[in-house]
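Reader: Before I accept the terms used for this model, I would like each one set against its definition. Could we go through them one by one?

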Amino acid sequence: MSVHIEKAEAGDIAKCRQEFGDELERLDLYFRTVNYLAASQLYLKENFLLKKPLKPEHIKDRLLGHWGTSPGINLIYTHLNRLIRQYALDMFLVSGPGHGAPANLANLYLERSLEPYYPDMKLGLEGLGAFIKKFSWPGGFPSHLFPGIPGTIHEGGELGYALATAFGAIMDNPKLIVACIVGDGEAETGPTATAWHSYKFIDPATSGAVLPIIHLNGYKISNPTIYGTMDNTELSHLFTGYGYQPRFVEGDDLHASLFLALDWAYKEISAIQTSARRGKHKIKPKWPLILLRSLKGWTGIKQINGLPIEGSYRSHQIPASDLKTNPQSLRLVEDWLRSYKPEELFDEEGFPKKEVLANSPGASLRMGTNLHTFGGEIYKPLSLPPIQDFALHPSKGKSKRGRHVESNIKACAEYLKIVFEKNPQSFRIFSPDELESNKLGAVLEATHRDYQWPVGPFDAHISTTGGHVLEILSEHTCQGWLQGYLMTGRHGLFPSYEAFLGIITTMMNQFAKFLKFSRETKWRKPFASLNYLETSTLWRQEHNGFSHQSPGFINTLLNMKANIVRIYLPPDANCLISTLDHCLESKGYVNLVVANKTPLPQWLEMDEAIAHCRSGASVWKWASTDEGINPDVVLVGIGDILHLEVMAAAQILRKEIPELRIRVVNVTDLLILEKDTLHPHGLKDEMFEALFTANQPVIINFHGYPSAVKSLLFGRKNIQRFIIKGYEEEGTTTTPFDMLVRNKTSRLHLIMEAILLASASNPKVAAEANTLVSNYEYALQRHKEYIKTYGKDPDEIADWKWE
């Protein structure tokens with residue numbers, strides 16, 4: 001099947017040269033300048049303009065960084081600047097190959113975007129030296145993009161997320177265009193493969209546009225790229241199928257070819273948007289996409305010892321690295337740097353020539369100072385409804401506590417529905433096709449799913465206009481969209497099945513690192529927190545089986561910096577609403593909220609819930625013996641279903657063994673367990689002992705892996721008294737209560753553990769311990785026989801309510 005290959009023909013190139021020859025020459029002058037600056041950053045610590053012959057002492061002792069992708073980034077940046085100047089565009093750049101930081105930095109220095117944040121990097125010889133030396137230098141710029149570089153919302157250290165992040169940035173930003181460079185190595189990643197579908201979720205009437213530019217330089221670290229080995233016909237078929245209109249930039253005159261391609265792309269974007277904004281949405285619009293073929297390491301060293309460098313994987317990092325000891329390598333690098341003719345680029349005082357600076361847009365249009373890339377500067381808090389409006393009332397008359405059963409998530413959805421109504425252009429939910437499964441369907445009464453391509457007549461809550469729920473069965477894409485949306489000043493929520501949040505573990509890790517560096521960068525103001533709502537948890541995934549039973553995302557978060565991460569496990573709906581309200585107000589954190597979606601008992605009034613959530617944990621006096629004074633055992637629930645088992649155990653113990661004194665504690669903020677010297681939410685030793693006693697045995701029934709709680713308790717006094725129960729990787733398709741039995745977190749296991757522990761200090765309990773424990777062991781055996789016979793849990797378990 002034939003396909004039209006869109007690219008500039010020889011006649012188009014000649015005409016462009018004829019009409020815009022002077023402009024193209026100025027662009028090449030700028031291009032040579034940023035290439036010189038990029039290469040110099042890799043090597044030089046002195047003699048920055050080569051006014052003297054290059055000597056070993058002018059070379060940095062540690063040669064770090066990546067050259068191979070830098071010339072391609074420089075070419076793109078050069079021409080984007082021209083496009084911005086010509087059309088006065090609101091545009092910035094997301095660089096997938098973040099290890100091409102020398103190129104980004106070169107352009108930011110030249111356009112003077114670095115200077116406000118690094119005053120020593122002014123134009124001129126002194127500032128030039130400070131800039132070049134600072135790259136990959138202790139206390140200076142790292143070898144990748146990072147938050148300390150203005151204009152950056154994506155580091156590019158881990159490949160795959162640039163495209164989705166770019167699309168998140170343009171949502172609800174109708175005037176914004178984000179150019180996104182996708183390296184042909186990054187293009188091989190799974191996250192990128194799904195992100196190509198992002199335009200199917202972009203309403204051109206209300207959102208901006210992403211201009212993807214695939215840089216085909218042919219090589220990764222030491223292998224050819226898949227895309228680099230595909231011919232134009234194959235690539236055209238691929239991207240036409242994705243819904244794009246691809247255009248190739250290749251050949252001997254890349255300046256003219258890219259000049260024409262960018263003009264074409266901007267006009268195509270404008271045509272799609274103009275039509276939609278006049279009420280005429282095009283069906284399946286073909287958005288422009290550029291594929292740039294240029295040599296890896298272009299304009300650099302051609303070969304070393306008979307082996308090709310330019311156009312080879314050997315140019316990926318430092319093309320020649322033994323300059324201190326090898327005169328031949330030193331000479332090759334000097335010839336390379338001099339090939340850019342720095343004397344034509346800079347004057348005697350080290351200032352770039354005015355013809356070079358002319359390519360940089362005015363201060364308000366520079367990509368490095370684009371306001372959207374400083375999300376904290378344009379952040380506006382959400383308008384949140386009063387949470388008392390959504391309060392459940394489980395204790396009208398104290399005997400009713402725990403009698404009212406409702407889905408915590410469903411109750412929370414009513415709150416989120418109003419959040420949507422009050423914030424129609426600044427709040428979105430990004431969900432991997434699980435919104436209604438996770439009982440959040442009420443939000444679709446206030447908004448709907450955004451999807452731009454045709455759907456069937458019976459597909460519900462889907463529209464091409466105004467939807468702020470995005471559902472795609474790709475956690476990577478949801479994460480990337482959300483990151484781009486947050487970092488450009490807006491707000492969002494990522495609800496997900498618990499077992500599958502782990503898919504985006506490294507993305508979250510990279511984002512947390514971005515937040516860490518942002519906190520340490522004085523001019524970076526915080527933006528809205530990244531909020532995860534983890535539901536469909538393992539304890540109610542008995543119907544889906546072992547594959548859906550994994551709480552490990554909690555453990556991953558615990559490895560992040562303490563000033564970045566927050567983990568909440570609210571025990572009921574009022575606590576969940578209070579917690580989520582707090583998270584949506586917060587800035588600069590990664591918040592994980594864990595809540596199950598199935599109907600559960602409701603425990604606290606809203607005022608009680610607010611106080612409980614503020615303290616992070618509390619004694620539930622009304623569930624304890626004598627309000628929890630002088631207990632034999634402390635029972636602790638962390639997680640809604642695990643706390644239900646604590647409550648059931650407490651009730652049974654109080655009724656059947658009244659001489660065993662218990663204190664019931666619920667922990668909703670997991671990090672209060674850690675010492676106050678290790679986490680801002682950690683309790684001081686005195687408060688910790690006031691809650692859990694100083695020396696009585698404590699049984700913790702925890703939602704996730706016991707190792708998480710054990711790590712948090714490390715360093716506390718007398719920790720051998722803590723018995724940690726949790727998920728032990730025991731699961732299958734079974735009954736809900738059997739999931740608890742299999743992992744020894746059931747009420748029966750808690751009762752037996754409490755009896756054994758209390759026996760050491762309470763003679764009355766000790767006298768009956770053997771008989772009591774035997775009875776409950778027998779009850780466990782009866783349970784196994786019952787579920788095998790009837791295929792369900794006994795009514796006294798399934799229908800249990802607090803008395």
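**Terms and their grounds**

Author: Of the lining of the largest pocket, the largest share, 6 residues, comes from α25. The model is a predicted one, in which local features need pLDDT of at least 70 and side-chain atom pairs pLDDT 80 or more, while totals for chains, interfaces and linings use all residues. Numbering starts from 1 along each chain as its sequence is written, and side-chain values use heavy atoms, without hydrogens and water.

Reader: What makes a residue part of the lining of the largest pocket, and which residues lie nearest its centre?

Author: A pocket is an open set of points on a 1 Å grid over the protein atoms alone where a 1.4 Å probe fits, with protein on both sides within 12 Å along at least five of seven lines, and a lining residue has an atom within 4 Å of a point. There are 22 lining residues, with I652, E656, L748, E796 and I797 nearest the centre. At least two come from each of α20 (640-656), α24 (747-758), α25 (763-790) and α26 (795-798), helices being DSSP runs of H or I with at least four residues and strands runs of E with at least two, numbered from the N terminus.

Reader: How do you know that the span of α20 agrees with what is expected?

Author: The expected span is 1.5 Å times one less than the number of residues; for the 17 residues of α20 this gives 24 Å, and because the end C-alpha atoms are 24 Å apart, the two agree. Helix α14 (residues 408-422), with 15 residues, reaches 22 Å, close to the 21 Å expected.

Reader: Why is α20 called largely enclosed?

Author: Buried means under 20% relative accessible area (1.4 Å probe, protein chains only), and 14 of the 17 residues of α20 meet this, so the helix is largely enclosed by the rest of the structure. In α14 the buried residues include Y415, L416 and K417.

Reader: What makes β20 a covered strand?

Author: In β20 (residues 662-667), 6 of its 6 residues are buried, with I662, V664 and N666 on one side and R663, V665 and V667 on the other.

Reader: How do you know which strands pair with β20?

Author: Two strands pair if DSSP finds at least two bridges between them. Strand β18 (residues 617-619) has 3 bridges to β20 and runs antiparallel to it, S618 standing opposite N666, whereas β19 (residues 633-638) has 5 bridges to β20 and runs parallel, V634 standing opposite R663.

Terms used
Buried means under 20% relative accessible area, exposed over 50%, partly exposed in between (1.4 Å probe, protein chains only).
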